[in-house]
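Grab a coffee and open your viewer. Here are a few short exercises to work through by eye, each with a worked solution.

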Amino acid sequence: MLGHMRQWANRNIGGLFLAPSFLIIILICAFPLIYSIYMSFFSWELASPLPKRFIGVENYLNIFQDSRFWFSLLRSIYIVGIGAILQMVLGFSLGILLNREFKGRNILTSFFLIPVVISPVVIAFMWKMIYSEQYGPLNYILNVVFYLKSVPWLSNTSVALLSIVIANSWEWFPLILLVTMGGLQNIPDDYIHAAQIDGASGWQITRWIIIPLLAPVLLTITLIRVIEDFKLFDLIYVLTHGGPGMSTETLNYLTYLKGFKFFSFGYSSALSILQMIVVIGIAAILVKKILIKD
Amino acid sequence: MKTLKAKKKKINTFVAFLLIGIFLLVTLFPFFWMISTSFKIKGEFFTRPPIFIPDRFNFDAYRAALRSGGQKALIDSFIIAFISMCIALILGTMGAYGLRELLKKGKNYGFWMLIIEMMPPIAVVLPLFILFKYVHLLDTYPALILGNTVFVLPFAIWLLLGFLEDIPIPIEEAALIDGCSKFQVFSHIILPLLRSGLIPVAFFSFILPWNEFLMALVFSRTKVTPLTVVIPSLVMSDTVAWEQVAGLSVMAIIPPVIVAMVFQRYIIRGLTFGAVKG
């Protein structure tokens, strides 16, 4: 009997080993997601005495008619777009600059690694201190060194969103740096040497050899950044709470507000499902076409 | 001609190092400012011109931050992150091996794991909040550990699948022919060979919950208070205690920074979702 069981376990080791993870993922991920879809078809206001009520796709229709949704989506796109450009330019240029032999190169690189492994909440507070309009070092340096006026980094509706993009790009450009450095290591030295013998300048080598060879891996990491920045929450919560006014309210932040400040669970669920569709759409392309190559 | 070229090269190198220096300055300055602030005494943050380097190393802010919830926050964050890490290491290793055994011929089986990892947290946080409320799990360790596991476990499985791929199948087959059971293959061959893969898995499955904010914000109240909610709470109090915020933040970043610098080589693959195999 015991022998039979052992044999059976041995044959089905795959299922046995996978079962706990599978159950956990079903329980705390798949089930909540399905419940979220279900909730999105209800009018469910925790703050109102009315019970929850089935309303079909009305939440979705309301969302599409709500200008607050469209503006928040635009802000998300702004963060994603400007952020991707900033991170790419900074990370790639530093990668090219560091692509030379010198002592202490590894230690230097590891300094740039710090922002990507620490809590975004901490990063947000570091920048909140730096952006402080009256007492922050940034405005002080602008005043004293560059003779410029103080900038209301977080309190002006037309600057705040850019301030968030700057802090976020500061946090994540090192990731592009790592990818660039990893990619450069894989380019055979012969390519570069041959070009040098032919008299190519550093710029020409970068433009015609390095960029084309690194393009696929840079595209991959850019898509990853697009997905991650679309979900940006911590920096916005700490730096501006979506304000001043609604000037930094992104789609993700609006979903949070609707759910946990206004307690409109149905509406918030519908927003999160829409967000999910966008993210999963990009992620599916990324993962299927690029990350998993067989 | 030759000297001109050499001179040009020298200038190029100089400019390159100058730019690298600027990058380094911009990257490190916020840290410098935070550390400097953490040593300031009450009120020194609110001066103009700002104080760049305080006169003395004053640990008052650290002590005050630890007293006003910081100590409990460090412990709570550690408990949540450590247990999440254990779950990810144990179930993740088993899950990755199981998945590979089941789908040896199937391709792209890591697909769903990565998709789950990339999903917007808010989409599960809202239904989980209702679920946890219903079963009275809000404000407990299990709520935060389970919540973090949503993302940590699939990521661990996916990372480990990558490392499993690097183990040649003939090694396993040879052991099976020699009469090993599949369990013995797993414990005596796979696990030792996976060792270098377990380092990044341990790192990420500890650091993600340690740094996580949204779930901490939504699932915690007063009994369980992770760092990422206690640090902002220091600001919400009557006077903004910037020194304390800075002090607790410094303590919060020490573990990830040290581990990342020591294991730099191992964690690049995870950071880039496999785009770069470090």
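**Exercise 1.** What radius of gyration does chain A have, and what would a compact globule of 294 residues have?

*Solution.* Keep in mind that we're working with a predicted model.
- Start with the reference: a compact globule of 294 residues would come out near 19 Å.
- Now the chain itself: chain A has 25 Å.
- Then look at the extents: the C-alpha trace of chain A spans about 75 × 75 × 35 Å along its principal axes.
- Last, check the packing: 43% of the 294 residues of chain A count as buried. Among contacts in chain A with a separation of 6 or more, 69% are between residues 24 or more positions apart.

**Exercise 2.** Find which residues of chain A UniProt annotates as "transmembrane region", and check the secondary structure of two of those spans.

*Solution.*
- Begin with the whole chain: chain A has 13 helices and two strands.
- Next, the record: the unreviewed UniProt entry puts "transmembrane region" on residues 12–38, 77–98, 110–130, 159–184, 205–227 and 265–287 of chain A.
- Take residues 12–38 of chain A: the span is 96% helix and 0% strand, with its end C-alpha atoms 35 Å apart.
- Residues 159–184 of chain A are also 96% helix and 0% strand, and here the end C-alpha atoms lie 36 Å apart.
- The unreviewed entry also lists "domain: ABC transmembrane type-1" for residues 73–286 of chain A. That span is 75% helix and 0% strand, and its end C-alpha atoms lie 21 Å apart.

**Exercise 3.** Work out how many residues each chain puts into the contact between chains A and B, and what classes they fall into on the chain B side.

*Solution.*
- Count each side: chain B gives 78 residues and chain A gives 78 residues.
- Ask where the chain B side comes from: helix 1 (residues 2–38) of chain B supplies the largest share, 11 residues.
- Sort that side by class: 58 nonpolar, 16 polar and four charged residues.

**Exercise 4.** At what angle do the axes of helix 2 of chain A and helix 4 of chain B cross?

*Solution.*
- Fit the axes: helix 2 (residues 13–39) of chain A and helix 4 (residues 121–134) of chain B come within 8 Å and cross at roughly 90 degrees.
- So helix 2 of chain A is roughly perpendicular to helix 4 of chain B.
- Pick out the residues: helix 2 of chain A contributes, among them, Ile28(A), Pro32(A) and Met39(A), while helix 4 of chain B contributes residues including Val124(B), Pro127(B) and Leu131(B).
- Classify the residues of this helix contact: 12 are nonpolar, one is polar and none is charged.

Technical notes. Residues are numbered from 1 along each chain as its sequence is written. Chains are lettered from A and ligands numbered from 1 in the order in which they are written. This is a predicted model: local features need pLDDT of at least 70, side-chain atom pairs count only at pLDDT 80 or more; totals for chains, interfaces and linings use all residues. UniProt positions are given in the numbering used here, feature names are shortened, and annotations may be inferred rather than shown by experiment. Helices (H or I, at least four residues) and strands (E, at least two) are DSSP runs, numbered from the N terminus. Axes are lines fitted to C-alpha atoms, for helices over the stretch in contact, and angles run from 0 to 180 degrees between N-to-C directions. Angles under 35 degrees count as roughly parallel, over 145 as roughly antiparallel, 65 to 115 as roughly perpendicular and the rest as oblique. Two residues are in contact if their C-beta atoms, placed from the backbone, lie within 7 Å. Ala, Val, Leu, Ile, Met, Phe, Trp, Tyr, Cys and Pro count as nonpolar, Asp, Glu, Lys and Arg as charged, and the others, Gly among them, as polar. The radius of gyration is taken over C-alpha atoms; the globule rule is 2.2 Å times the number of residues to the power 0.38. A residue is buried if 20 or more other C-beta atoms lie within 10 Å of its own, exposed if 12 or fewer, and partly exposed in between; C-beta atoms are placed from the backbone.
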